[in-house]
Amino acid sequence: MSAPAAVKPFQVRIQEWDFDLTAELAKLRADNPKVGAVVGFVGTVRDLNEGAEVAQMELEHYPGMTEQSIAAIIEQARQRWPIYGALVIHRVGPLQPLEQIVLVAVTSAHRGEAFAACEFIIDYLKTEAPFWKKEQTPEGARWVDARVSDETALKKWGGA
């Protein structure tokens, strides 16, 4: 079995199709013997939000602007922590409950930096990246805003 092909160490992908967590993490750390920690966060579509059943979520984005926004968030993380790589994959289009929606993964020499950078990236991604979410509920379609808890999470990083 051959090693997975390495990817760019800092990468943003917006896509409609699902991703393979194991393969993506393997590619992120491939060919870098300095990596001592790989931290990943996978967000999934919930079947319940704000007390309402969610049958489907649809995500829209602004192509080009979304990728630039996320790349800027990764760059901020790079300035704060000595990380070797970061990968953000965010899905768009219609998604069903249980489906993967986002992957944020970070590599570094040590777990502390990787955990902090990963949490920083997802906290900013939830509030700063230009995505629009619409949920289909029994009461009809509704647009979803950032949660107060997401805005509060930014405060620990000096944001919002």
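This report covers the nonpolar cores, the salt bridges and the surroundings of Gln100 in a predicted model.

**Nonpolar cores**

The largest nonpolar core has 33 residues, and within this core Ile121 and Leu125 have the most contacts. Two or more residues each come from β2 (37–44), β5 (56–61), α2 (65–80), β6 (83–91), β8 and α3 (111–128). The top contributor is α3, with nine residues. In soluble globular proteins, nonpolar side chains tend to be buried together.

Leu125 shows how this core is joined. Leaving out residues up to four places away in sequence, Leu125 touches Ile70, Ile73, Val88, His90, Val102, Val104 and Phe131. A second core, separate from the largest one, has six residues, among them Phe19, Leu87, Leu103 and Ala105.

**Helix α3**

Helix α3 has 18 residues, which at 1.5 Å a residue should span 26 Å; the C-alpha atoms at its ends are 25 Å apart, in agreement with that value. The buried residues of α3 include Ala114, Ala116, Ala117, Cys118, Phe120, Ile121 and Ile122. Asp123, Tyr124, Leu125 and Thr127 in α3 are buried as well. Glu119, by contrast, is partly exposed, with a relative accessible area of 37%.

**Salt bridges**

The model has eight salt bridges. Three of the pairs are listed here with their N to O distances.

| Pair | N to O distance |
|---|---|
| Arg91 and Asp18 | 3.7 Å |
| Glu75 and Arg78 | 3.5 Å |
| Lys156 and Glu119 | 3.0 Å |

Arg91 and Asp18 form a salt bridge. Arg91 is in strand β6, while Asp18 is in the loop between β1 (10–15) and α1 (21–29), so this pair ties together parts 73 residues apart in sequence. Arg91 counts as buried because its relative accessibility is 4%, below the 20% cut-off. Asp18 has a relative accessible area of 42% and is partly exposed.

The salt bridge between Glu75 and Arg78 lies within one element: both residues are in helix α2, three residues apart, or about one turn of the helix. An α-helix has 3.6 residues a turn, so residues three or four places apart point the same way. Glu75 is partly exposed at 32% relative accessible area, and Arg78 is also partly exposed, at 39%.

The side chains of Lys156 and Glu119 meet in a salt bridge too. Lys156 lies in the segment after α4 (148–155) and Glu119 in helix α3, so the pair ties together parts that are 37 residues apart in sequence. Elsewhere, salt bridges link Arg13, Glu24 and Lys27 in a network.

**Surroundings of Gln100**

Gln100 belongs to strand β8 (residues 100–108). Its relative accessible area is 16%, and Gln100 is therefore buried. The side chain of Gln100 makes a polar contact of 2.7 Å with the side chain of Asp18. Asp18 thus has two partners described here: Gln100 through this polar contact, and Arg91 through a salt bridge.

Which residues beyond four places in sequence are in contact with Gln100? They are Asp18, Phe19, Leu21, Val42, Gly43, Thr44, Arg91 and Leu95. Among these contacts, Phe19 is a member of the second core, and Arg91 is the buried salt-bridge partner of Asp18.

Conventions
Residues are numbered from 1 along each chain as its sequence is written. This is a predicted model: local features need pLDDT of at least 70, side-chain atom pairs count only at pLDDT 80 or more; totals for chains, interfaces and linings use all residues. Side-chain values use heavy atoms; hydrogens and water are left out. Helices (H or I, at least four residues) and strands (E, at least two) are DSSP runs, numbered from the N terminus. Buried means under 20% relative accessible area, exposed over 50%, partly exposed in between (1.4 Å probe, protein chains only). A polar contact is a pair of N or O atoms within 3.5 Å; within protein, one must be able to donate a hydrogen and the other to accept it, and residues adjacent in sequence count only if both atoms are side-chain atoms. Contact means heavy atoms within 4.5 Å. A nonpolar core is a set of buried Ala, Val, Leu, Ile, Met, Phe, Trp, Tyr and Cys residues joined through side-chain atoms within 4.5 Å. The expected span of a helix is 1.5 Å times one less than its number of residues. A salt bridge is a side-chain nitrogen of Lys or Arg within 4 Å of a carboxyl oxygen of Asp or Glu.
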